[in-house]
Amino acid sequence: MAVASYGAWKSPISSDLIVAGAIGLGQIKLDGKTIYWSESRPTEGGRNVIIRRSENGQTVEVTPTAFNARTRVHEYGGGAFTIIDETVYFSNFADQRLYQHRVGEEPIALTPEAAIRYADVILDKKRDRLICIREDHQNADREAENTIASISLKDHSQTTLVAGSDFYMFPRLSPDGSRLSWICWHHPDMPWDGTELWTAKIQEDGTLATPEKIAGGREEAIFQPEWSPDGNLIFVSDRTGWWNFYRWNPTTQTVEALCEKAAEFGLPLWVFGMSTYGFAGNNIICAYTENGMSRLASLDLNTLELKNLESPYTSIAGVQVCPDHAVFVGGSSTEPSAIVKYDFNTQQFETLRRASELRIDPGYLSIPEAIEFPTENNLTAHALYYAPKNKDFQAPEGELPPMLVKSHGGPTAATSASFNLGIQYWTSRGFAVLDVNYGGSTGYGRAYRERLKGTWGIVDVADCANGAKYLAEQGKVDGDRLVIAGGSAGGYTTLCALTFRNTFKAGASYYGVSDLKALAEDTHKFESRYLDGLIGAYPERADLYHDRSPISAVDRLSCPVIFFQGDEDRIVPPNQAEMMVDALKAKGLPVAYVLFEGEQHGFRKAENIKRALDGEFYFYSRVFGYTPADTIEPVAIHNL
């Protein structure tokens, strides 16, 4: 092994390798034994393409090249398409219209040219119509209006079925078509705080009658209601502190618990189309999270026995089920995510499509270690630790590695142990990485998630700092070369950590929040009251928004920072980064700002993903004085 300082190791995991041929795997839908999924392609500017795989294994692209199957409902989208009897219904990103598309024919627009968006579409065969979530942006003087609406497949006329709540998800028809169920919630709650589960009878004219609330409230979050084949309504609720299964019987009007377990069978509803289970006869085939890891299981609806199904996957999402198999997005710590088919009869897994066809020598791969470390208030927090790993190099004797601490977005979300080439990029060059599931993260129950209530910018920052110090005190990393990076809400945690603490020596903010007041006054409807729970009511507690905004305490910031931002970001507008950059320039601190044209909240274009990854690594090389083994396009750094 060659001897070289940490950070100067030569790695085969280049940014070009990461973006070349890499795709994002999205929503899955089953149409009989035909499997459909969407994939996002960075090399095509982030276009979302619907793929069809027939029973004989033939794979074809469904959507023509002029179309991008992506909706902007809630800005984050999801649930952009569905398939019934070989007919695809999808939202097109450019115009947000809903289209009907039969293979071999041109897509037909079902909705007019208007500032209206659609998601979570289902087919009401009995009445020859679609039912979906509709988000109306036509009146610029008020918030967008969210409703559940129907769209006639005969004359394309639209009818509002349910209105009055601020948000809706999961419109679902009972097997006989006599009932519609849905979940809804109101400001200032988010869907992981409190939602309501409703059902109503469908009348002869297609309108709804006698709506009744089945479950939920401000202290109970409902996830993925689905009608079982026998006509009962299955749903996931966190009423016990964990997202578990329940069953509502429309005949007896009763709700019963199906599986009480200290595990999460639900997820935070950031996007439409999320699914953790489906039905195979009298069984629910499901994925759940326990101690930060995903497991595949079968729940017998008669005996209520939960049986784990042996699986090589540590991350499982998007579960779809038919009588003889399940399909999901599965990932592990050593293999890229893939569309996976699980055959119930043979108990075999088949990989249908990989997010990347790269095969990396295990000698360059760092395997994550789940750690639990002490933090504030005599509590513990969770993280995944990746040690530096490169079979070709070792560091000089006595040298400790620098460490990158990653703070995930959301903040109501979680990191996972699934294979991440972006992390391996760092570890194979000699960095340690700590991927933190700070208090407020999902996957550890409602109490852990609610640690962040009223304490955003405090608990998350403390956990990131304490995780870094924990490893430094153990002698695993260099306490003088700790850096932190994050995107969106993780960018806010990053900026807070750099401003209000002195644990880290540099950092990178990806479309991160620097001014909470500006965010409260200028963001989209879905998150417009999110900060009420994380910080406090605005403007009543404007003092908290000021005190916890990094921009308000830039005089306390004394280390280099690099910012990455999309110029079309509506969730965290560019002015959030630019205010901070200007303040750092004026203070004489090293600062870099990289603005990407045509990007929104998160980067989808291959060249920008590459530029950001290399740019961050280059920035730290200038800060810490190591020489990268690769030639990297420089980033303009002010005050250095």
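Me: What radius of gyration would a compact globule of 640 residues have, and what does the chain have?

Reply: This is a predicted model, and its chain can be set beside a simple rule: with 640 residues, a compact globule would have a radius of gyration near 26 Å, and the chain has 24 Å, which agrees. Along its principal axes, the C-alpha trace spans about 75 × 60 × 50 Å.

Me: How many residues, as a percentage, count as buried, and what supplies the area that the chain exposes?

Reply: A residue counts as buried when its relative accessible area is under 20%, and 62% of the 640 residues fall in that group. The chain exposes about 24,100 Å², of which carbon and sulfur atoms supply 46%.

Me: Where do the positive and negative charges lie on average?

Reply: The chain has 60 positive and 82 negative charges, and the mean positions of these two sets are 1 Å apart.

Me: Which helices and strands should I count, and how do I read a sheet made of strands?

Reply: Strands of a sheet pair through backbone hydrogen bonds, in either a parallel or an antiparallel way. In this chain there are 10 helices and 38 strands, and four of the strands form an open sheet, with antiparallel pairing, in the order β6-β7-β8-β9. The edge strands of this sheet, each pairing on one side only, are β6 (81–84) and β9 (108–109).

Me: How many bridges join β8 and β9, and which residue stands opposite Ile108?

Reply: Strand β8, residues 98–102, pairs with β9 over two bridges in the antiparallel sense, and Gln100 stands opposite Ile108 of β9.

Key
Residues numbered from 1 in each chain as written. Predicted model: local features only at pLDDT ≥ 70, side-chain atom pairs only at ≥ 80, totals over all residues. Heavy atoms only, no water. Rg over C-alpha atoms; globule rule 2.2 N^0.38 Å. Buried < 20%, exposed > 50% of the residue type's maximum accessible area, 1.4 Å probe, protein only. Areas by Shrake-Rupley, 256 points an atom, 1.4 Å probe, with all protein chains shown as cover. Lys, Arg positive; Asp, Glu negative; His and termini not counted. Charge placed at Lys NZ, Arg CZ, Asp CG, Glu CD. Pairing = 2+ DSSP bridges.
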